[in-house]
Amino acid sequence: TDLSVQQVRYLGLLENVKVRRAGYAFRMDFDEFMAKYKTTISGYPEFQPDSRRGVEQIMRDNGARGYEMGRTKIFIKEAKTILAIEDKRKEYVDQCASLVPKDDGFIWADKVWGFNSRFVRMPLNFVVGGKGFYYFSKNGKVEHFIPCEKCELISFNDREGWMVVTSSYPSKAKDEPDIQISY
């Protein structure tokens, strides 16, 4: 029986039972929640390394109620709260998908800070298409396009929601066309 008690504690089953009895309809790790729903934050916030604070900002920006913050997870009581946040995320994804050219397929989108075609740091929509990587300004203008065949390295962390695309390709700057850009 000591082994059983130890296993129950190790697996977190008591916490699971408490959460279910309290009636929470949804729960997710802070990192996963932040990665999935950060596009619902109004504007283009700077990177937030503390995922707990990022989750709090998401909930505040969406006017969410009826949730609790655990040590590593968010717990949401009412299903309509998470459904409203999911609808807002889907709206953003659909908006980004509409920016991708018709002959390309939409895969993924995120809000990022990057450099526009004039090398000025600004908020951008980073969109992954079947043919490459697009950086769109807020008004839908393509600031950069990196074709897949020009990518040297692609790193993606689904749990934390970040992606790195490394590519050196000729600049579109008319005054210095020999400059190479790496993202």
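Visitor: How many bridges join β6 to β7?
Guide: This is a predicted model, so the count comes from a prediction. In it, β6 and β7 run antiparallel. F136 stands opposite V142 in β7. The number of bridges joining β6 to β7 is 5.

Visitor: In what order do the 4 strands of the open sheet stand?
Guide: Strands of a sheet pair through backbone hydrogen bonds, either parallel or antiparallel. Here the pairing is antiparallel. The sheet is open, with the order β4-β5-β6-β7.

Visitor: Which strands stand at the edges, each with a single partner strand?
Guide: Follow the order β4-β5-β6-β7 from end to end. A strand at the edge has a single partner, so one side of it is left without a neighbour in the sheet. The strands in that position are β4 (106-115) and β7 (142-147).

Visitor: What does the twist average from one strand to the next?
Guide: Take the 4 strands of the open sheet in turn. From each strand to the next, the twist averages 20 degrees.

Visitor: Which residue in β5 is the bridge partner of A109?
Guide: β4 and β5 (residues 121-129) run antiparallel. They are joined by 9 bridges. Within β5, the partner of A109 is V127.

Visitor: Which helix packs on the sheet?
Guide: Look for a helix that touches β4, β5 and β6 (132-136). Its direction makes about 90 degrees with that of β4. The helix is α5.

Visitor: Which residue in β6 does N125 stand opposite?
Guide: β5 and β6 run antiparallel, with 4 bridges between them. They form a hairpin with 2 residues between the strands. In β6, the residue opposite N125 is F136.

Visitor: Which residue in the turn of the β6 and β7 hairpin has a positive phi?
Guide: β6 and β7 form a hairpin with 5 residues between them. One residue in that turn has a phi of about 95 degrees. The residue is G140.

Visitor: How many of the residues of β6 are buried?
Guide: A residue counts as buried under 20% relative accessible area. Y135 has 8%, so it is buried. The strand as a whole is mostly covered. The buried count for β6 is 5 of its 5 residues.

Visitor: What kind of aromatic pair do F126 and Y135 form: stacked, edge-to-face or tilted?
Guide: A pair of aromatic rings is described by the distance of the centres and the angle of the planes. For F126 and Y135, the centres are 4.9 Å apart and the planes stand at 45 degrees. Planes under 30 degrees apart count as stacked and over 60 as edge-to-face, with the rest in another class. So the F126 and Y135 pair, at 45 degrees, is tilted.

Visitor: Is F126 buried or exposed?
Guide: F126 belongs to one aromatic cluster with W108, F133 and Y135. Its relative accessible area is 4%. The cut-off for buried is under 20%. So F126 is buried.

Visitor: How many salt bridges does a search of the whole structure find?
Guide: One of them joins K80 and E78, with the closest N and O atoms 3.8 Å apart. K80 is exposed at 60% relative accessible area, and E78 is partly exposed at 38%. The search of the whole structure gives a total of 9.

Visitor: How many residues apart are K36 and E86?
Guide: Their side chains meet in a salt bridge (3.9 Å, N to O). The pair links distant parts of the chain: K36 is in helix α3 (residues 30-37) and E86 in helix α5 (residues 79-99). K36 is partly exposed at 36%, and E86 is partly exposed at 21%. Their separation along the chain is 50 residues.

Visitor: Why are K90 and D94 separated by about one helical turn?
Guide: Their side chains meet in a salt bridge (3.0 Å, N to O). Both residues sit in helix α5. They are about one helical turn apart because their spacing in that helix is 4 residues.

Visitor: Over which residues does pLDDT stay under 50?
Guide: The chain has a mean pLDDT of 81. A value of 70 or more is reached by 79% of its residues. The stretch under 50 has 25 contacts beyond four places in sequence. That stretch is residues 177-183.

Notes
Residues are numbered from 1 along each chain as its sequence is written. This is a predicted model: local features need pLDDT of at least 70, side-chain atom pairs count only at pLDDT 80 or more; totals for chains, interfaces and linings use all residues. Side-chain values use heavy atoms; hydrogens and water are left out. A salt bridge is a side-chain nitrogen of Lys or Arg within 4 Å of a carboxyl oxygen of Asp or Glu. Buried means under 20% relative accessible area, exposed over 50%, partly exposed in between (1.4 Å probe, protein chains only). pLDDT is the predictor's confidence in each residue, from 0 to 100. Contact means heavy atoms within 4.5 Å. Two strands pair if DSSP finds at least two bridges between them. Axes are lines fitted to C-alpha atoms, for helices over the stretch in contact, and angles run from 0 to 180 degrees between N-to-C directions. Rings of Phe, Tyr and Trp (its six-membered ring) pair if their centres lie within 6.5 Å; planes under 30 degrees apart count as stacked, over 60 as edge-to-face and the rest as tilted.
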